[in-house]
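Dear colleague,

I am passing a structure over to you. Please open it first, then read my notes below.

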Amino acid sequence: MLSMTIIHNPTVDTLLSRRTIRAFSAEAISDDERETLERAAQQAATSQYFNAWSAIRVTDPSIAHKIAEIGHQPYIVQAPLLYIFIIDDHRNLRIAREAGVAEDTITLDSDYTFTQGQNDAVLALHAMETAAESLGLGCVILGSILNDSQAIIDVLHLPDRTFPVLGLAVGHPAQKPQIKPRMDCSLQFFENSYPDDSEVPNMTEALHDFDEEVKKYYDLRNPEQPVMAFTEHVASQAADTGRLARSFGCPARAQGFTGRAF
């Protein structure tokens, strides 16, 4: 196989150097920086141009503390900027109603529109994260807000046809962690079709080198704390503990979201 060389430019280097920051300095983020990040998020791709996402900028310390408690992540409160990105078909529902669309014909309550909004929110968050890192800021993506999605809904007063997706905390880094390793491209990029299991008869064996790299990464971060290999980590998390509803259908419906009239 031919050896390939990564092409470098500022955008690629920002993406390749991405790392999660969980400690922030007290330095504030300027209004210009905030405006830049928000505009970058708005320029992300959006399915059918529905713009079916919004973001709650959390500036009230008491709300930030509640979110930190829900996520069990105290460093959330340190970040000078905190956003909760949400699926937002509430706005589009209002538009449809104000245009006189018959109530029984409105289709903003389907699994498809939920997925559209979820994708829109994730793309917008990633655009904001990349823009922040290009400005020398650091970020942590907060999937932990879904530890208790109803609590997030309540604390942010989210209306019907909205749902929290991810949070993003942004600030000036007070740490410089190593870049977390990634598995070999051949195990994540496939050509034309998904490979048959017989092509990789033992996935744990195929990931052996990656497992060793991951263990070394965590050993360097905290030599006092025993760590698991990537495959051990996946196996340990594969069983349903009852903490989260798990479904390959609509996640919101799996968590009782139908009661919110999505």
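In which sense do strand 3 and strand 4 pair, and over how many bridges? The pairing is antiparallel, and five bridges hold the register between strand 3 and residues 162–171, which form strand 4. One pair to look at is Val140 and Ala169: the latter, in strand 4, is the bridge partner of the former. Please keep in mind that this is a predicted model.

The sheet

Strands 3 and 4 belong to an open sheet of four strands. The order is 1-2-4-3, and the pairing is antiparallel. Strand 1 (53–57) and strand 3 (138–142) are the edges, each pairing on one side only. From one strand to the next, the twist averages 25 degrees. As general background, strands in a sheet pair through backbone hydrogen bonds, in parallel or antiparallel fashion.

At the other end of the order, strand 1 pairs with strand 2, residues 81–88. This pairing is also antiparallel, over five bridges. Within it, Ser54 stands opposite Ile86 of strand 2.

Why is strand 3 largely enclosed by the rest of the structure? Four of its five residues are buried, so the rest of the structure covers most of the strand. Strand 3 is nonetheless an edge strand, with pairing on one side only.

The chain as a whole

There are ten helices and four strands. Reading from the N terminus, the order of elements is α-α-β-α-β-α-α-β-α-β-α-α-α-α. The chain has 262 residues, and 35% of them are buried. Its accessible surface is about 16100 Å². Carbon and sulfur atoms account for 53% of that surface. Now take the contacts between residues at least 6 apart in sequence: 79% of these join residues at least 24 apart.

One residue to check

Val155 lies in helix 6, which covers residues 149–155. Is Val155 buried or exposed? Its relative accessible area is 15%, under the 20% cut-off, so Val155 counts as buried. Which residues does Val155 touch, leaving aside neighbours within four places in sequence? Val155 is in contact with Ile63 and Lys66. Ser62 is another residue to mark: 93 residues separate Ser62 from Val155 in sequence, while their C-alpha atoms are 10.0 Å apart in space.

Best regards

Notes:
Residues are numbered from 1 along each chain as its sequence is written. This is a predicted model: local features need pLDDT of at least 70, side-chain atom pairs count only at pLDDT 80 or more; totals for chains, interfaces and linings use all residues. Side-chain values use heavy atoms; hydrogens and water are left out. Two strands pair if DSSP finds at least two bridges between them. Helices (H or I, at least four residues) and strands (E, at least two) are DSSP runs, numbered from the N terminus. Axes are lines fitted to C-alpha atoms, for helices over the stretch in contact, and angles run from 0 to 180 degrees between N-to-C directions. Buried means under 20% relative accessible area, exposed over 50%, partly exposed in between (1.4 Å probe, protein chains only). Contact means heavy atoms within 4.5 Å. Accessible areas come from the Shrake-Rupley method with a 1.4 Å probe; for residues, only the protein chains shown count as cover.
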